[in-house]
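Subject: Structure handover

Hello,

Here is the structure I promised you. Please open it alongside this note. My findings follow below.

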Amino acid sequence: MSKKFYITTPLYYINDVPHIGHSYTNVAADVLARYKRLAGEDVFFLTGTDEHGQKIEQAAKERGETPQQLADRVVQNFKGLWSRLNISNDDFIRTTEQRHKKAVTAFFLKLYENGAIYRGKYEGWYCIPCETYCPKGQVEDQKCPACGRQLEWLEEDGYFFRMSAYADKLLDYLDANPEFIMPENRRQEIVNIIKGGLKDLSISRSTFDWGIPLPISDKNEIIYVWFDALINYITAAGYSEDNERFEKLWPADVHVVGKDILKFHTIIWPTMLMAAGLKLPVMVAAHGWWTVEGKKMSKSSGNAVSPDDIISQVGVDGYRYFLLKAVPFGQDGDFSNTALIRQVNSSLANDLGNLVSRTIAMVNKYFEGNVPAAQEAQEGDNPLKETALRIIPEVDKSMCRLEFHNSLISIWELIGECNRYIDKTAPWVLFKEGRIAELGNVLYNLLESIRFVTILVSPFIPGIAETIWTHLGMEEPLCEQRLSDLEWGKLPESGRIIPPAEPIYARIQE
Ligand SMILES: [Zn+2]
């Protein structure tokens, strides 16, 4: 049985318009999911939408819709973008689905049974857009410390989750599992928050209706939207519905999140799981924020860039490549149109594109499209083979640490090596001098390197990889390739015709 790999993105709040940040999260998760499939693992990749809460209720009211109608309409903004971005999720969960309501109800009752939920009183400054209470010490001028908007003073008599009881246990867990929070520099922030003391969490709401009803209340109460939303990760794994599946899938291997919601995933969520007696996720990986042309993205400054505009400019693969190459995962990044175009032209059109079209043109010109035979090389005689074999473990190490940009750097080392190899061996001279066996060997090495490159870049730029694969005339589909196919010399020789190639990535005009 192959190893399972369960990876999730956050649930996106359905009232938001998808922006660069959302697409970054999903592309990063998608690349990792595709890489793990390539590694032969049994991948389950989940994304979805968070559809409850007061904001949705208000937005629907303003438009004269029911909240469900609004959700059904705007969920397409996300589903459509993921399909255009070639996101290979295996499931898409919506918190308004029946399966989720069932799981949330079962989970709530489990915690209640375990004594982790009690009835109490709560008052404090509440931010409606963030759907969260703000600690008194952080509130200035009745403004939300997270989003800067006006806070409201709320007093609620409701249910609480005994989060404070799990602080020590959570600290022990963080100690014993240094890789639970990635990247490393975010870990200390969380440890400090926990050491500062955890409060119990108010998990019921009674001032609005749009949510999952509290199973034990006779009043009109619903479950706090974050408490509801986090449970999606176990809903989709079969919690309370399919034990065998749940045992196989849970715990999640990676929750990919933005740094703004790291606290929810590394404090609230793990303590909820502890209270239910469930295992904790293996890793929560937080990425940074995106600015646009050096400025914070916001509706008011009008600098929000639509992912669809970027796609229409540089293509899906150009966008995917830029997102993961431009910024090391975990750090903040800046989107600049000049940098975008420079990057895709240099890496995709020049380095990769030219390598493929030059090589294929020469195979057509000198061998009528037949794959030539390789020659036995002396040890240390084949720089392409050496580089190709060297980068495989490097790429793997970087991928497992979510250092996507480093994986790309390693793959581009092989591409660079190939381009230098063409200049150094000068196949046109070999042809002129009639050294056909040598010429064949050079071209075989190039084609074989391109096969390596294509398999390794396929998680990042699946569309371009497919095109190159077709140009290589490979019979087995690219999606069936595995890392174990990266053995030097597996490219079949002779007899196969390689058709002349169109440019695989057209240069973008600045
Ligand atoms: Zn706020």
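A residue is called buried here if 20 or more other C-beta atoms lie within 10 Å of its own. Keep in mind that this is a predicted model.

Helix H10

By that cut-off, the buried residues of H10 are Leu262, His265, Thr266, Ile268, Trp269, Pro270, Thr271, Met272, Leu273 and Ala275. The helix covers residues 262-276. Its 15 residues should span 21 Å at 1.5 Å a residue, and the end C-alpha atoms are indeed 21 Å apart, so the two values agree. H10 also bends, by about 25 degrees at Trp269. A proline, Pro270, follows within four residues. After the helix comes Gly277, with a positive phi near 75 degrees.

Helix pairs

Two packed helices are described by the angle between their axes and the distance between the axes.

Take H2 (residues 54-63) and H3 (residues 67-84) to begin with. They pack at an angle of about 95 degrees, and their axes are 8 Å apart. An angle of 65 to 115 degrees counts as roughly perpendicular, so H2 and H3 are roughly perpendicular to each other. On the H2 side, the contact residues are Ile56, Glu57, Ala59, Ala60 and Arg63. They meet Pro67, Gln69, Leu70 and Ala71 in H3.

Next, H13 (residues 383-400) and H16 (residues 436-457). Their axes come within 10 Å and cross at roughly 10 degrees. That makes H13 roughly parallel to H16. Leu384, Ala388 and Val395 in H13 meet Asn445, Ser449, Phe452 and Leu456 in H16.

Helix H14

Gly416 is placed in H14, residues 404-425. Glu417 lies in H14 too. Gly416 has 13 other C-beta atoms within 10 Å, so it is partly exposed. Glu417 has 17 C-beta neighbours inside 10 Å and therefore also counts as partly exposed. What does Glu417 contact, leaving aside its neighbours within four places in sequence? The partners are Pro383, Leu384 and Thr387. Leu384 also appears in the H13 contacts with H16.

Two separations for reference. Gly416 and Thr235 are 181 residues apart along the chain, with their C-alpha atoms separated by 46 Å. Glu417 and Pro10 are 407 residues apart in sequence and 39 Å apart in space, C-alpha to C-alpha.

A small sheet

There is an open sheet of 3 strands, in the order E14-E13-E15, with mixed pairing. Its edge strands are E14 (295-296) and E15 (333-335), each pairing on one side only. E13 (residues 290-292) and E15 pair in the parallel sense over 3 bridges. Trp290 stands opposite Gly333 in E15.

Backbone points to check

Most residues other than glycine have a negative phi, and most peptide bonds are trans. These places depart from that pattern:

- Met182 and Pro183 are joined by a cis peptide bond, with omega about -10 degrees. Pro183 is in the loop between E7 (181-182) and H6 (184-195).
- Trp250 and Pro251 are joined by a cis peptide bond, with omega about 5 degrees. Pro251 is in the loop between H9 (243-249) and E11 (254-258).
- Asn86 is not a glycine, yet has a positive phi of about 65 degrees. This residue is in the loop between H3 and E3 (91-94). With 16 other C-beta atoms within 10 Å, Asn86 is partly exposed.
- Glu368 is not a glycine either, and its phi is positive, about 50 degrees. Glu368 is in the loop between H12 (337-367) and H13. With 9 other C-beta atoms within 10 Å, Glu368 is exposed.

Best wishes

Definitions and conventions
Residues numbered from 1 in each chain as written. Predicted model: local features only at pLDDT ≥ 70, side-chain atom pairs only at ≥ 80, totals over all residues. Helix = DSSP H or I, 4+ residues; strand = E, 2+ residues; numbered from the N terminus. Expected span 1.5 Å × (residues − 1). Bend = angle between axes of the 7 residues up to and from the residue. Buried ≥ 20, exposed ≤ 12 C-beta atoms within 10 Å, placed from the backbone. Pairing = 2+ DSSP bridges. Axes fitted to C-alpha atoms, helices over the stretch in contact; angles between N-to-C directions. Parallel < 35°, antiparallel > 145°, perpendicular 65-115°, else oblique. Contact = placed C-beta atoms within 7 Å.
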